[in-house]
Amino acid sequence: MNKNDIDLSIDFCGVKFKNPFLLSSSPVSNSAEMVARSFEAGWSGVVFKTLNSDTTPIIHPSPRMNEYGYGNKRLVGLQNVEMISDRTLKDNLTDFLYLKKKYPGHVLISSIMGFSNDEWAYLAKVSEDNGADMLELNFSCPHMAVEGAGHHVGQAFDLIEKFTSTVKQCVSIPVIAKMTPNITDMTEPAIYAKQGGADAISAINTVSGISQIDLDGFIPKPNVFGLGSVSGTSGPAIKPIGLRFISDMGKCEELSLPLSGIGGIETWIDALEYILLGASTIQVTTGIIHYGYGIVEDMIEGLTDFMNEKNISKVKDLVGKALPNLKTTDKFDLKRQGRAQYDLAKCVGCGQCYTVCRDAGGFALDWDEQKRRPVLIEDKCLSCMICSFVCPVPDIISYKEMPGTWKRKDACVMDRSLETQIKYQPFKLS
């Protein structure tokens, strides 16, 4: 297949996107000046930073963000106490007109958040009247301090249905409901949004968290003049949570709505994983904060190369492709077992595998002091594979399935003579 035959375009609620990659509603989509640069870089659309109706003053805390780093890795997560747009509604709507005039082939999604039923209707209508192709209802901001806004609505399912219905009654463009991850089961509020008329669901918004504590002043960061707060955390650290919620909704037959995936996306592989679990479009913030708008070039190239290699011509054919292979753990074939295997030619002799296997695994490694190499005790290996996760050299440790006749040795009992002193009776089902 020729790369020129690859079609990255996607139909989402009847709206065509050049590719699945969008800016999410956030600091990276704050103005037309910024969004225009993203469109030039290759992003197909934007969810503009959430509008306000000028009735409630929006003043951002200062400073407003703090990074969560781990070891030598910077910006594994990002904590943000920024609110919705602090710009006037007039300025934002003027930017809408500019973007639709200058970039008619790109999709403009207006993110809105009302503090009352009438305000939801007002913001929806004024967005459509000024060029928005779609709406995203922000039911999910985790640090809006106003009661009845953001995640307060996302955790009150009747309000989700009510406000979605209100918006649908006053606009003709598609409506996306954005879900909060600060909840146990996202399918339930998503179904309430569907009952209100939502055409699609986007998820996840940021996860409520605390990124760091100032150990000198004992103040959670970002330190806003002596005070911190629980607020939204984004970035690669939350990707597993985002994938889980998207897959939950992707498998929910009662929901059956198009999905827009958000959460920890920095590479084409991250984006593809969301697509394979049911997302049709992908929204990005922290990846852009870390690397800039230019990451979309790598996403486009990487996804194109992957599709070419797999002989898949349309990105729509990848949507949800992994869902049939996602089951509950009781469906696993427990008769098939295996162990780790080692290619010691590349081993650097650090001993980390030996340490973790003894302290957190199956006690299945001995250590050859002269060669500085691990020695596997095959029948003690639990196949937990933690040794492969901590090894600094890629591909030394892999998984090997063993024959059905292979038996794993039970964990060691330190003193069998103590069995006679056990005070218990075997439990029996009544």
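Me: Which residues have the most contacts inside the largest nonpolar core?
Reply: Happy to start there, with a note that this is a predicted model, where local features need pLDDT of at least 70, side-chain atom pairs count only at pLDDT 80 or more, and totals for chains, interfaces and linings use all residues. Residues are numbered from 1 along each chain as its sequence is written, and side-chain values use heavy atoms, leaving out hydrogens and water. A nonpolar core is a set of buried Ala, Val, Leu, Ile, Met, Phe, Trp, Tyr and Cys residues joined through side-chain atoms within 4.5 Å, where buried means under 20% relative accessible area, exposed over 50% and partly exposed in between, with a 1.4 Å probe and protein chains only. The largest such core has 91 residues, and those with the most contacts inside it are Trp43 and Ile201.

Me: Which helix gives the largest share of this core?
Reply: Helices are DSSP runs of H or I with at least four residues, strands are runs of E with at least two, and both are numbered from the N terminus. Six residues of the core, its largest share, come from residues 295–309, which form helix 10.

Me: Which residues does the second, separate core include?
Reply: This core is separate from the largest one and has 12 residues. Among them are Cys353, Ala364, Cys381 and Val393.

Me: What is the order of the strands in the open sheet of four?
Reply: Two strands pair if DSSP finds at least two bridges between them. The pairing in this sheet is antiparallel, and its edge strands, each pairing on one side only, are strand 5 (65–70) and strand 11 (207–209). Strand 11 pairs with strand 14 (residues 231–234) over three bridges. The full order is 5-6-14-11.

Me: Which residue in strand 14 is the bridge partner of Ser208?
Reply: Strands 11 and 14 run antiparallel to each other where they pair. The bridge partner of Ser208 is Gly232.

Me: Why do Trp120 and Phe163 count as stacked or edge-to-face?
Reply: Rings of Phe, Tyr and Trp (its six-membered ring) pair if their centres lie within 6.5 Å, with planes under 30 degrees apart counted as stacked, over 60 as edge-to-face and the rest as tilted. The centres of the Trp120 and Phe163 rings are 5.5 Å apart and their planes are at 25°, so the pair is stacked.

Me: How far apart in sequence are the parts tied together by Phe48 and Phe96?
Reply: The two rings form an edge-to-face pair, 5.2 Å centre to centre with 80° between the planes. Both Phe48 and Phe96 are buried. Phe48 lies in strand 4 (residues 45–51) and Phe96 in helix 2 (residues 89–102), so the parts they tie together are apart by 48 residues.

Me: Where do Lys3 and Asp305 lie, and how many residues apart are the parts they tie together?
Reply: A salt bridge needs a side-chain nitrogen of Lys or Arg within 4 Å of a carboxyl oxygen of Asp or Glu, and the closest N and O atoms of Lys3 and Asp305 are 2.5 Å apart. Lys3 is partly exposed, at 42% relative accessible area, and Asp305 is partly exposed too, at 29%. Lys3 lies in the segment before strand 1 (10–12) and Asp305 in helix 10, so the separation of the parts in sequence is 302 residues.

Me: Is Lys239 buried or exposed?
Reply: Lys239 forms a salt bridge with Glu273, at 2.6 Å from N to O. Its partner Glu273 is partly exposed, with a relative accessible area of 28%. At 16% relative accessibility, Lys239 is buried.
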